[in-house]
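Thanks for making the time this morning. I would like to walk you through one model, beginning with its surface and then turning to a sheet, a helix and some charged pairs.

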Amino acid sequence: MTSRIPRDSRLRLVRPRPLAAAPRAVNQRRPRRPVPRPPEGTPAQAELARMARSVLAAAARVAHWADAALRPGRDGAGSDGKGTLSDATAERAASDLGLTVAQVRADWDTARLAGLVEVHGDTARPGWRLRAWNRDDSAVLRGWVALFDAWSLAHPDPGQHEHGAVSDVVSAMPQVLSFLQLSAGPVPVEQLLDLLEQRVTELRTERCEIPYGPQPEPVADPAAADTPLAPLLDWALHALASVGALTYGDGQATLTPLGNWAVWVKLEQICVAAQSPAGNIEQAAEDMLRGCAQLRPNAARDEYRAWLAARPVGSAVTELLGAARGEDALLRGLAFEALRVVGAPAEPDVRAVVDEPALRPYALLWLAEHDGVDPEDAHEVLTREEATWLWVDTAAAVADHGESPMLVRHLESALQPTVPALLDEVRAVGHPRTVQVLVALAAAHPDPALAKVVRRAAFQVHTGGS
């Protein structure tokens, strides 16, 4: 008697999608949070982008010059690891663009802060926002928001004020900007100064820097406490005006339409963080990711944003990478999806884990996409062994959290053209979950002949045979 089930073990060659496969195995439909509308009178996105392009025009000009003039290596960054233009390159740019060297350096710094230029080690290269400059309004706006977030770096304090006081003012300015946004018009500087002083006092109280009780207690930073805030407010308002967020003069400040929109966006992010769409904001990274495993991709990204907005980016990245190092392969994939939401600030930490075998394929894909490679083509940066290891890791996630049909479909995403070739390479890469994955695949597959081959491979891996 012969089986009526075809014995052809060739696989359908499809583009591998290792990161997306596991999360989608357990995604369930959830109600979507309605998209909030900006305040009445806010310009359309195209008009906001036009304003942002105007603010960033000089920076984009220098970035485009560098992209064209420094090919093919685009190695105009200095050797200090900070992406600073060398003297020779700055002078060349100034000559070509009809600017002073100081203007070139200032515009270059702005380009870096806005993501038009990305620095990798001591080399700078065009950012993806520069590539999308003329065609993608949202990319331009995200670049301007990045500059807006870095206003204190774009127009740094001249250094005549006490460092602790400067830090307090930078921390307090979001509340000042929120007040400007809610006021919807010019606000006297005296009123802003009162608000700033109140907020700085609150910040210092939270740090226990204000003495309590009848006995005098030491103040952690008396120099900061004694620093007048009026000059620092003047600096902050000038800095925010320099990035196009507000106008400042005649003793009053007013948010520009672009600044008004940006502050509204930030307030919305705070609301999302406070509400936490799925209620995971206070959870540790591992528990948050487990909660997100039940969400559809868009809803999960909303949850990542809420979770990230509630904690410093450095500690958040560290926590996500810690979760990725665990035994749960699903959390590994989800952790790197969350790191995609973090974006550029996560790059140094992601680059640092490239040598860790369990994280290497994920990190390489993340870095490729960060460098502008199309996500559909990012898998090409992996070696055959790395891609196979990732296939097994994703299969482990599906086996642990998905359903049998999903595991069978995952078989079709393998790079190898036949099942025997796949099994040979799976055994060679030495993934710690190889046996469990093969056993689960054999149990799930409807073809008895193929399942038998896979079970035999699992037994051989388990016993160390050939």
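The accessible surface of this protein, which I should say at once is a predicted model, comes to about 23,500 Å², and 52% of that area belongs to carbon and sulfur atoms. Of the 466 residues in the protein, 46% are buried, and the secondary structure consists of 24 helices and 5 strands. If we take the contacts between residues at least 6 apart in sequence, 68% of them join residues that are at least 24 apart.

Let me turn to the sheet. Three of the strands form an open sheet with the order E3-E5-E4, and the pairing is antiparallel. Strand E3, residues 187-188, and strand E4, residues 246-249, are the edge strands, each of them pairing on one side only. Between E3 and strand E5, which covers residues 252-255, there are 2 bridges, and in one of the pairings Pro 188 has Gln 252 of E5 as its bridge partner. E4 and E5 are joined by 4 bridges, again in an antiparallel arrangement, with Leu 246 standing opposite Leu 255 in E5. The hairpin that these two strands make has 2 residues between the strands, and Asp 250 takes a positive phi there, near 55 degrees.

Which residues of E5 point to the buried face, and which to the other? The side chains alternate along the strand, so that Ala 253 and Leu 255 point to one face and are buried, while Gln 252 and Thr 254 point to the other and are not. In general terms, this is what a regular strand does, since its side chains alternate between the two faces of the sheet.

Now for the helix that belongs with this sheet. Helix H12, residues 230-242, lies across E4 and E5, and it runs at about 135 degrees to E4. H12 has 13 residues and reaches 18 Å from its first C-alpha to its last, which is close to the 18 Å expected at 1.5 Å a residue. The buried residues in H12 are Leu 232, Leu 233, Trp 235, Ala 236, Leu 237, Ala 239 and Leu 240. What covers them includes the strands E4 and E5, and also helix H7 (137-149), helix H8 (151-154), helix H9 (163-183) and helix H10 (189-206). Just after H12, Gly 244 takes a positive phi of about 85 degrees.

That brings me to the charged pairs. The count comes to 18 salt bridges, and I will go through three examples with some care. As a general point, side chains of opposite charge can pair when their charged atoms come close.

In the first example, the side chains of Glu 286 and Arg 290 meet in a salt bridge at 3.0 Å, N to O. Both residues lie in helix H14, residues 285-292, and they are 4 residues apart, about one turn of the helix. The general reason this spacing suits a pair is that an α-helix has 3.6 residues a turn, so residues three or four places apart point the same way. Glu 286 is partly exposed, with a relative accessible area of 38%, and Arg 290 is also partly exposed, at 36%. Glu 286 and Arg 290 are linked with Asp 328 in a network of salt bridges.

The second example is the salt bridge between the side chains of Arg 360 and Glu 386, at 2.6 Å, N to O. Because Arg 360 lies in helix H19 (residues 360-370) and Glu 386 in helix H20 (residues 384-401), this pair ties together parts that are 26 residues apart in sequence. Arg 360 is partly exposed, with a relative accessible area of 28%, whereas Glu 386, at 13%, counts as buried.

The third example joins Asp 400 and Arg 433, whose side chains meet in a salt bridge at 2.9 Å, N to O. Asp 400 lies in helix H20, and Arg 433 in the loop between helix H22 (419-429) and helix H23 (434-444), so the pair ties together parts that are 33 residues apart in sequence. Is Arg 433 buried or exposed? Its relative accessible area is 19%, so it counts as buried, the cut-off being under 20%, while Asp 400 is partly exposed at 39%.

Conventions:
Residues are numbered from 1 along each chain as its sequence is written. This is a predicted model: local features need pLDDT of at least 70, side-chain atom pairs count only at pLDDT 80 or more; totals for chains, interfaces and linings use all residues. Side-chain values use heavy atoms; hydrogens and water are left out. Buried means under 20% relative accessible area, exposed over 50%, partly exposed in between (1.4 Å probe, protein chains only). Contact means heavy atoms within 4.5 Å. Accessible areas come from the Shrake-Rupley method with a 1.4 Å probe; for residues, only the protein chains shown count as cover. Two strands pair if DSSP finds at least two bridges between them. Axes are lines fitted to C-alpha atoms, for helices over the stretch in contact, and angles run from 0 to 180 degrees between N-to-C directions. The expected span of a helix is 1.5 Å times one less than its number of residues. A salt bridge is a side-chain nitrogen of Lys or Arg within 4 Å of a carboxyl oxygen of Asp or Glu.
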